[in-house]
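Reader: I would like a close look at a single part of this model. Please keep the answer plain.
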Amino acid sequence: MIFDGLDARLDEVPGTISVYAGRLDAPPTWTRHTEVTHYAASTMKLAVLAAVHHTAETDGPDLDTPVEVTNLFTSARAGAAPFSCAPAYDNDTEVWDRLGQRVPLRWLAERMIVRSSNLATNLLIEHVGLPAVAEVWARVGARHSVTRRGIEDFAAREAGISNLVTAADLAALLDAVATGVTRPGPIASPAGCATMLDVLSGQQIRQDIAEGLPAGTRLAHKNGWVRGVRHGAAVVFPDDAAPYLLVVCTTTPLDDDQRSQDTDADARELVADISAQVWQARHDLTTADPR
């Protein structure tokens, strides 16, 4: 197998590394621990994006519905007080600059992806609801991934309410979005899927998977990282080969004396290296069965 050597090398790396690599709408070429759950970090925002679009096309608020930018959210823990986000933990200042103003859901969805805005994410969850996110996971056949709380809902976290993903489920979600551009799919109309793909292609935090690709390569992706966790999930569009999915989830146990910045830098480099190796094999990925 073309990835046997890389698989063996990853066996020597501390922690859990999950990989899904394969073409769209086709069996995966390489899978590694794809059903193992990881803390989701910001990859949960992929499911929130899909829920916003699915809801807009069914019975929920339209994407152009204006909502007030506030910083007070309902906790997923029953009986807990409302919670807020901290600007210091956010990668996007533009949403914070609009506190007290009204902005379209569409704009919040874009900021949630392109700058990984935590504030935008919680505003979207507040308006579409966690059940809508759960429905999206179910619609793509996710087996283990759950989005059960907003970001910085510490009361819920202390109660064991968490957000989890697997490489297989993230791949299924991205596959549904990407293939949904050309035919009706489980999440949204072709126009809705095209909009989501464009937003994901506008990602400004071009780290991990993006760093393993040649400059200028188009990819629609979302990454996520917190202490001991670094994930990347992408649809890659080579000019000379069919598009392919790549999801890498890494969870690294940390000792008290380890610097999380150093561990994250190593994990980010590892994901980039995996991305580069899959890119080199892009012509050899498994094709879809003839229909």
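How much space lies in the largest pocket, and which residues line the pocket closest to its centre?

Author: The model is predicted. In it, the largest pocket holds about 600 Å³ of space. Its lining is made of 23 residues, and those closest to the centre are Tyr89, Asn118, Ile151, Trp225 and Val226. Three elements each give two or more residues to this lining: H2, helix H6 (154–158) and strand S7 (218–226). S7 gives the most, with 3 residues. Sorted by class, the lining of the largest pocket has 9 nonpolar, 8 polar and 6 charged residues.

One of the residues closest to the centre, Asn118, also belongs to helix H4, where it is buried. H4 spans residues 118–128, and because 9 of its 11 residues are buried, the helix is largely enclosed by the rest of the structure. Besides Asn118, the buried residues of H4 include Leu119, Ala120, Thr121 and Asn122. Further along H4, Leu123, Leu124, Ile125 and Val128 are buried as well. Among the elements that cover these buried residues are helix H2 (44–56), strand S4 (66–68), helix H3 (105–114) and helix H5 (130–139). H2 therefore appears twice: it is part of the cover of H4's buried residues, and H2 also gives two or more residues to the lining of the largest pocket.

The ends of H4 can be described too. At the N-terminal end, serine 117 acts as a cap, with a side-chain oxygen 3.5 Å from the backbone nitrogen of leucine 119. Just after H4 comes glycine 129, which takes a positive phi of about 90°.

Methods: Residues are numbered from 1 along each chain as its sequence is written. This is a predicted model: local features need pLDDT of at least 70, side-chain atom pairs count only at pLDDT 80 or more; totals for chains, interfaces and linings use all residues. Side-chain values use heavy atoms; hydrogens and water are left out. Buried means under 20% relative accessible area, exposed over 50%, partly exposed in between (1.4 Å probe, protein chains only). Helices (H or I, at least four residues) and strands (E, at least two) are DSSP runs, numbered from the N terminus. Contact means heavy atoms within 4.5 Å. A polar contact is a pair of N or O atoms within 3.5 Å; within protein, one must be able to donate a hydrogen and the other to accept it, and residues adjacent in sequence count only if both atoms are side-chain atoms. On a 1 Å grid over the protein atoms alone, a cavity is a set of points where a 1.4 Å probe fits but cannot get out, and a pocket is an open set with protein on both sides within 12 Å along at least five of seven lines; lining residues have an atom within 4 Å of a point. Grid points are joined across faces, edges and corners, and a volume is the space filled by probe spheres set on the points. Ala, Val, Leu, Ile, Met, Phe, Trp, Tyr, Cys and Pro count as nonpolar, Asp, Glu, Lys and Arg as charged, and the others, Gly among them, as polar.
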